[in-house]
Amino acid sequence: SRLRRGGSLHSPVADAGSSANVDHMQETLLLPHVQNFREKQLEWQGFDAYARVSMAMGANQLLHAVSYFAVRMLITEERAP
């Protein structure tokens, strides 16, 4: 496990092993497109939260629709009161 070796679950740099790997990862983090992605990632937190809430509400509505459909089928097909 990473934690037993003294590494972190959130930081691949801390668990890389040799100093050559750490240097390569640090160079990668300095690339412009990686920096741009990391900056944009901070701005997307609100959109991510909105998407999660929307998906939860959509799943709730779908379950309600299926429930009403099942009740309707029970009433009409089985002639239940």
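Are tryptophan 44 and phenylalanine 47 buried or exposed? In this predicted model, tryptophan 44 is exposed, and phenylalanine 47 is exposed as well. These residues also offer a good starting point for a tour of the structure, which holds one aromatic pair. That pair is formed by tryptophan 44 and phenylalanine 47, whose ring centres are 4.9 Å apart. With 50 degrees between the planes, the arrangement is tilted.

Phenylalanine 47 leads on to the packing of two helices. Helix 2 covers residues 32-43 and helix 3 covers residues 45-78. Their axes lie 4 Å apart and meet at an angle of about 50 degrees, which means that helix 2 is oblique to helix 3. On the side of helix 2, the contact is made by Gln41, Leu42 and Glu43; helix 3 contributes Gln45, Gly46 and Phe47. By character, the residues of this contact comprise three polar, two nonpolar and one charged.

Helix 3 is also home to a charged pair. Side chains of opposite charge can pair when their charged atoms come close. Across the whole structure, a search finds one salt bridge. Its partners are aspartate 48 and arginine 52, with 3.0 Å between the closest N and O atoms. Both residues belong to helix 3, where they sit four residues apart, or about one turn of the helix. The two partners can also be described by their accessibility. Aspartate 48 has a relative accessible area of 38%, so it is partly exposed. Arginine 52 reaches 58% relative accessibility and therefore counts as exposed, the cut-off for that class being over 50%.

Key
Residues are numbered from 1 along each chain as its sequence is written. This is a predicted model: local features need pLDDT of at least 70, side-chain atom pairs count only at pLDDT 80 or more; totals for chains, interfaces and linings use all residues. Side-chain values use heavy atoms; hydrogens and water are left out. Axes are lines fitted to C-alpha atoms, for helices over the stretch in contact, and angles run from 0 to 180 degrees between N-to-C directions. Angles under 35 degrees count as roughly parallel, over 145 as roughly antiparallel, 65 to 115 as roughly perpendicular and the rest as oblique. Contact means heavy atoms within 4.5 Å. Ala, Val, Leu, Ile, Met, Phe, Trp, Tyr, Cys and Pro count as nonpolar, Asp, Glu, Lys and Arg as charged, and the others, Gly among them, as polar. Rings of Phe, Tyr and Trp (its six-membered ring) pair if their centres lie within 6.5 Å; planes under 30 degrees apart count as stacked, over 60 as edge-to-face and the rest as tilted. Buried means under 20% relative accessible area, exposed over 50%, partly exposed in between (1.4 Å probe, protein chains only). A salt bridge is a side-chain nitrogen of Lys or Arg within 4 Å of a carboxyl oxygen of Asp or Glu.
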